[in-house]
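Got your viewer ready? Load the model and follow along, one selection at a time.

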Amino acid sequence: MSTPRGSDIPNLNTFRSSHPGRGRGRKGGFAASEQGTEAQDQVVQRTDQDASVSRMNAVALGYLDDQFAKFFTPGPVPKKYPIINRGTYVRTTAIDMLVRRFLMTHCSQKKQIISLGAGSDTRYFRLVAENPSLPLVYHELDFAANTASKISTLKRNPPLLKALQGHVKDADDIAFSSDGTRLASPTYNIHPVDLRALVQSSQTPQPLSLPNLSPDIPTLVLSECCLIYLSPSAADSVLSALTRSLVPSPTPLSLILYEPIRPFDAFGKVMVANLASRGIHMQTLEKYASLSAQTTRLQTAGFAGGQGAVDVDFAFEQWIDAKERERISRCEMLDELEEWRLLARHYCVAWGWRNGKQEYGDVFSRAWDDVKDQNED
Ligand SMILES: C[S@@+](CC[C@H](N)C(=O)[O-])C[C@H]1O[C@@H](n2cnc3c(N)ncnc32)[C@H](O)[C@@H]1O
């Protein structure tokens, strides 16, 4: 590994010594997309490389246990700062906790997870390697460029294929499209889809279909740093396509969001400006800028059964027990506690759900009702 890079957060030196956004000529540091859509999409697609490098750093230092991460970061892995590694750990652990609670509730009931902008995320492989008989259908959606890269990695690495083959009843049930961008199976599916097409399609008489996606089994949708890259109206419409067309009521349905918040304070402005300088534009950040804006968003989108939101600082302190926090503090030296807390307050996990009428209709209430929520902003 080389010198640390904290490319997805404010450059902390910048934060200490300058006024955010000054001289950039952009209101609040938000870069209006002056680039063509294709170029902008490529920037967004490449954010996945940063996510997988962050994951690999957290694995290499012992924060996370993930035997699959290394396949998605061949070659030298740039180092990340300790506060970034801790952030990656909390992000993964917090989402895992909600996911596992969902899977463990009505545990014999078949369930579905739809991961928006899954990129090279390894969660599916980790879950089924741990429990090959998990009654779970997993769907990952991303741009074709990213699904092609994931499928090619999968084909080249037997441990990934083995985890998948161990989860399907018959290995012949796994089908790859001839262009290498799509994988279909009864348990794991990779769909080359621009989420914005999902929106247009839900408004046409023959909506785009996602093979093996079931409209009537309890479904958890994940957006781990994905919807934030869409325009606010497109992001809202994607949720509407999911809640109304793809998995309509009365199927129990939920959403977990992980994304930045609080762009208006000094740290938030630098965070936005630094990302904008790399061409990364987090389009929904101003609209969903706080924990309460996120929970209201979930309620408005139809997740009326319940909602919650915590920032990463809260998740670290309140969701992770003292013994585990002590283990984490031994992974590497972290002197910048104040900076860690600042950074951690600018990312959130938000979740919301819709109940169903079936005997398992209460799956999300039972799984998440007592998850500790943060009642402040
Ligand atoms: C920061 S990466 C996160 C990847 C993964 N969710 C994780 O947390 O490791 C964002 C991902 O969202 C995907 N994405 C963003 N906008 C998208 C869109 N309109 N359609 C499909 N995928 C999109 C990107 O291609 C990228 O893989």
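Select helix 11, residues 312-319: six of its eight residues are buried, so this helix is largely enclosed by the rest of the structure. (Buried means under 20% relative accessible area, with a 1.4 Å probe and protein chains only; helices are DSSP runs of H or I with at least four residues, and strands are runs of E with at least two, numbered from the N terminus.) Show V312, D313, F314, A315, F316 and W319 as sticks, as these are the buried ones.

Before going on, note that this is a predicted model, where local features need pLDDT of at least 70, side-chain atom pairs count only at pLDDT 80 or more, and totals for chains, interfaces and linings use all residues. Residues are numbered from 1 along each chain as its sequence is written, and side-chain values use heavy atoms, leaving out hydrogens and water.

What do the buried residues of helix 11 pack against? Color helix 3 (82-104), strand 7 (253-260), strand 8 (306-311), helix 12 (322-331), helix 13 (337-344) and strand 9 (347-354) to see these partners. Then pick D311, which caps the N-terminal end of helix 11 with a side-chain oxygen 3.2 Å from the backbone nitrogen of D313.

Now jump to the ligand. Its shell includes ten nonpolar, five polar and seven charged residues. Helix 2 gives the most to this shell, six residues. Zoom in on R91, where a polar side-chain atom lies 2.7 Å from a ligand oxygen. Next, find G117: a backbone N or O atom there is 2.8 Å from a ligand nitrogen.

Note on methods: A polar contact is a pair of N or O atoms within 3.5 Å; within protein, one must be able to donate a hydrogen and the other to accept it, and residues adjacent in sequence count only if both atoms are side-chain atoms. Ala, Val, Leu, Ile, Met, Phe, Trp, Tyr, Cys and Pro count as nonpolar, Asp, Glu, Lys and Arg as charged, and the others, Gly among them, as polar. Buried means under 20% relative accessible area, exposed over 50%, partly exposed in between (1.4 Å probe, protein chains only). Contact means heavy atoms within 4.5 Å.
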